[in-house]
4 protein chains.
Amino acid sequence: MSDAGQVESLVTDPKLVEERRAQILKAATKLFSKQGFYRTTIQAVAKEAGISTGLIYQYFHDKDDVLFLTLINVLEAYEREIPKALDGISDPLEQLVRAFCAYCRIVDSLLDATVLAYRSTKSLPADRQDVIKARETATNQLLENCLAASAQAGLVRPVNTHLLVYQLVNFCHAWALKQWALRRRYDLDEYINQGVQILIEPFLSKTGASVLERLRNEGVVPGGR
Amino acid sequence: MSDAGQVESLVTDPKLVEERRAQILKAATKLFSKQGFYRTTIQAVAKEAGISTGLIYQYFHDKDDVLFLTLINVLEAYEREIPKALDGISDPLEQLVRAFCAYCRIVDSLLDATVLAYRSTKSLPADRQDVIKARETATNQLLENCLAASAQAGLVRPVNTHLLVYQLVNFCHAWALKQWALRRRYDLDEYINQGVQILIEPFLSKTGASVLERLRNEGVVPGGR
Amino acid sequence: MSDAGQVESLVTDPKLVEERRAQILKAATKLFSKQGFYRTTIQAVAKEAGISTGLIYQYFHDKDDVLFLTLINVLEAYEREIPKALDGISDPLEQLVRAFCAYCRIVDSLLDATVLAYRSTKSLPADRQDVIKARETATNQLLENCLAASAQAGLVRPVNTHLLVYQLVNFCHAWALKQWALRRRYDLDEYINQGVQILIEPFLSKTGASVLERLRNEGVVPGGR
Amino acid sequence: MSDAGQVESLVTDPKLVEERRAQILKAATKLFSKQGFYRTTIQAVAKEAGISTGLIYQYFHDKDDVLFLTLINVLEAYEREIPKALDGISDPLEQLVRAFCAYCRIVDSLLDATVLAYRSTKSLPADRQDVIKARETATNQLLENCLAASAQAGLVRPVNTHLLVYQLVNFCHAWALKQWALRRRYDLDEYINQGVQILIEPFLSKTGASVLERLRNEGVVPGGR
DNA sequence: GATGAATGAGCTTTCATTCAT
DNA sequence: AATGAATGAAAGCTCATTCAT
């Protein structure tokens with residue numbers, strides 16, 4: 001991989017860099033999400049962040065750079081939060097279910113940012129797009145590992161794990177992308193429950209089904225008895 | 001519905017309007033898809049269409065208008081092509097399967113335009129977005145009707161038809177949105193086949209399963225024996 | 001003088017030229033007066049006149065030409081109407097008074113066009129402006145002749161006839177230019193009456209005063225007994 | 001009054017705003033006066049002012065705004081200079097005469113700008129026009145007060161003060177509007193002298209006449225012995 | 001003679017980026 | 001490090017004028 005993943009800053013103090021970037025990206029995420037990348041000016045981001053325009057160029061090379069890091073930020077939230085949900089869980093199917101639920105909840109907490117990631121990736125130069133795609137693939141891989149292990153363990157019947165994971169992920173993203181259609185018919189718990197019913201339950205073996213039953217009873221999957 | 005669906009032209013001859021708009025939209029679709037809406041200038045669209053800049057403004061009110069009609073064009077292709085695939089078919093499950101296959105193939109033939117529709121709807125003013133959403137919902141409804149009828153006829157087991165249709169549609173769209181990941185692992189037929197296996201087959205009753213078997217043998221669903 | 005006063009037409013039939021030009025100028029006067037020269041498009045003039053854009057260019061060389069003839073039209077109305085008011089009148093002071101009254105009434109009937117003449121002359125090329133100025137001077141000369149003859153005849157005391165005529169003319173024009181301030185305080189008759197009191201009466205000799213008295217009684221000057 | 005009189009600037013430092021606006025308006029007044037508002041481009045104003053195009057938009061909202069402030073500037077010059085001429089003068093007729101002379105001299109020093117104000121007010125939106133008119137009325141009021149006080153004091157015979165003031169003001173403006181006709185026949189002092197003779201002297205009482213005689217001798221009114 | 005679609009130069013306005021302070 | 005005024009290229013859009021029909 002090239003250095004497309006790196007963003008240079010003119011400022012040397014690493015702590016300050018961290019802090020300022022967070023401040024700028026927070027503002028950028030808000031505005032990009034609301035108005036889109038092209039309708040948002042750097043001046044507006046600076047104002048929202050409470051700093052001067054010029055300062056942004058001390059921490060980012062150009063406007064594309066701000067978008068790039070904004071998107072990376074969203075993807076990193078996924079990569080950070082999902083493993084947390086799996087921590088200490090050994091059963092691969094339980095991991096899968098927990099990861100799926102966690103994913104849905106992260107999307108719900110980053111609704112606008114998730115939409116932004118979908119709409120704006122293509123606004124980046126090709127090498128930057130590749131970095132984003134790689135990150136996305138990495139997140140998918142987390143789920144795929146759980147699913148593959150579940151199949152291996154006989155909890156899930158043979159299935160195209162790759163595409164099923166795509167469907168699971170799509171289902172999570174749809175909560176953000178189609179909010180206008182979904183949020184007036186379901187609340188988040190119902191939505192998650194339905195996702196499990198449509199995209200996981202049909203593929204479970206008997207053993208798998210009993211694991212899911214347990215998770216329902218434990219309240220891991222909402223909407224169970 | 002408001003008049004947000006109408007686009008005025010200064011030119012009176014309806015035949016000419018039809019022709020010129022098609023010419024301009026073809027160029028716009030190509031460029032918007034490739035470079036995005038904001039990176040594409042009206043000058044570039046005019047050049048691609050082989051006409052002068054000013055002429056575009058005789059057929060469209062402004063640049064947003066060009067985008068709007070470009071997107072409507074894509075959605076109309078869906079609304080036009082899918083019913084064709086159902087023509088003369090009476091079995092509701094067969095209709096569903098054929099509609100799904102047709103949808104995938106339309107997406108494949110409009111790859112870039114489909115991506116454009118996903119990315120750029122949010123660039124429109126709110127009332128225009130609503131028109132787009134309504135069109136999208138109408139297309140989904142075509143599928144949902146088939147699925148509901150299949151359930152009624154005992155071909156499909158009870159399931160949340162609304163969300164399952166969303167998943168089917170998403171699966172079709174993903175072929176365009178995630179081309180970078182999918183096209184190097186599957187060809188279109190394999191992809192369709194997998195979609196049927198993941199999103200239709202698990203929900204079939206015995207009778208439904210036999211219908212699907214027939215459709216596989218007839219080659220309606222690719223990848224059957 | 002150059003040929004700045006001439007406007008060429010591509011059409012040969014003189015009667016048709018006359019007719020079409022009148023049609024176009026009527027539309028132009030209306031729109032130029034309402035919206036100003038630069039805010040009025042040739043397309044709009046054509047539409048208002050009920051003809052095609054191209055046709056205007058068969059009767060006028062360019063847009064400036066349309067303005068020029070529009071202004072000439074207004075000035076010609078002055079040159080045509082004022083002499084009419086003097087017809088058959090021999091007393092020079094009576095001529096002056098009648099001319100002044102007539103001028104005010106013409107301005108009142110051409111309110112918008114008069115404003116246009118004031119605002120837009122400067123939009124013309126220099127040689128065209130000279131033609132307009134010459135016409136304006138010619139109209140003033142009509143009044144100046146009356147005033148000079150009145151002085152000669154001992155009806156008016158010695159005064160700078162040139163500047164007094166300017167004031168008389170200005171007074172007439174002000175009715176159009178300052179309509180917003182004047183029309184809510186005076187009606188046209190009061191206004192004319194006041195003009196006579198301020199700009200004519202103070203300069204009359206005894207004999208002159210008796211002439212004016214007669215004109216008041218005869219109702220030539222409004223607001224008299 | 002609405003906020004139509006306000007013009008926003010993006011720049012915060014008030015001193016700089018003052019300075020830059022003056023710089024821009026100076027250039028704009030020059031060019032608008034010479035070529036008219038519509039024939040003058042913002043690019044040209046920027047070049048004349050020695051700055052970049054973009055900078056103009058940091059100090060004015062749009063081109064109309066530049067025109068508006070240009071016109072306000074002219075009117076403010078009147079409102080500022082005329083009272084100066086009256087400072088320390090108690091006799092109301094002397095005030096009137098001095099104000100009239102001052103007005104003529106201001107017009108002479110702002111020849112082109114005065115013409116601009118006449119031609120271009122109508123190019124503004126209605127609410128802006130109202131602001132201009134109100135300013136103009138305010139200036140007239142200065143003169144009207146003097147004239148009314150003179151009448152009260154028995155220096156001037158009964159007369160329609162409102163319309164006589166209009167004539168006085170028109171006389172001043174005519175020096176700019178009809179320069180082409182007037183400047184080759186009179187110099188400014190002669191013109192002022194004639195104005196006094198035509199528009200003030202005829203209306204004076206005996207006492208008033210002696211005041212004017214004094215002002216002539218003192219050289220306040222030019223052209224006296 | 002008449003039409004009106006087509007042209008394209010030229011305008012206003014925006015905004016990413018720079019740089020003197 | 002931080003500011004924010006200044007830049008100027010580039011974009012959308014208009015409209016006087018032309019010309020094939």
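**View 1. What kinds of residues line the largest pocket of this predicted model?** The lining is made up of 21 nonpolar, 11 polar and 10 charged residues. Here Ala, Val, Leu, Ile, Met, Phe, Trp, Tyr, Cys and Pro count as nonpolar, Asp, Glu, Lys and Arg as charged, and the others, Gly among them, as polar. The volume of the largest pocket is about 870 Å³. Of its 42 lining residues, Tyr118(A), Arg119(A), Leu177(A), Tyr118(B) and Arg119(B) are the closest to the centre. A pocket is an open set of points on a 1 Å grid over the protein atoms alone, where a 1.4 Å probe fits, with protein on both sides within 12 Å along at least five of seven lines; lining residues have an atom within 4 Å of a point. Grid points are joined across faces, edges and corners, and the volume is the space filled by probe spheres set on the points.

**View 2. The surroundings of DNA strand E.** There are 38 residues around DNA strand E, and the closest are Arg20(B), Tyr59(B), Val11(C), Thr12(C) and Tyr59(C). "Near" asks for a heavy atom within 4 Å of the strand. Of the DNA strand E atoms that come within 4 Å of the protein, 69% belong to sugar and phosphate. This surface holds 15 nonpolar, 17 polar and 6 charged residues.

**View 3. Polar contacts with DNA strand E, pairs of N or O atoms within 3.5 Å.** Gln43(A) places a polar side-chain atom 3.4 Å from a base oxygen of DNA strand E. For Lys63(A), a polar side-chain atom is 3.0 Å from a phosphate oxygen of the strand. Ile42(D) instead uses a polar backbone atom, 3.0 Å from a phosphate oxygen.

**View 4. Cysteines of chain C.** Over all chains the count is 0 disulfides (pairs of cysteine sulfur atoms within 2.5 Å). For Cys101(C), the nearest cysteine sulfur is that of Cys104(C), 6.8 Å away. The sulfur of Cys146(C) lies 12 Å from its closest cysteine sulfur, in Cys101(C), which is too far for a bond. Cys101(C) is buried (under 20% relative accessible area; exposed is over 50%, partly exposed in between; 1.4 Å probe, protein chains only) at 5%. Cys146(C) is buried too, at 4%.

**About the model.** Residues are numbered from 1 along each chain as its sequence is written, chains are lettered from A and ligands numbered from 1 in the order in which they are written. In this predicted model, local features need pLDDT of at least 70 and side-chain atom pairs pLDDT 80 or more, while totals for chains, interfaces and linings use all residues; side-chain values use heavy atoms, leaving out hydrogens and water.

How values were computed:
Polar contact = N/O pair within 3.5 Å; in protein donor to acceptor, adjacent residues only side chain to side chain.
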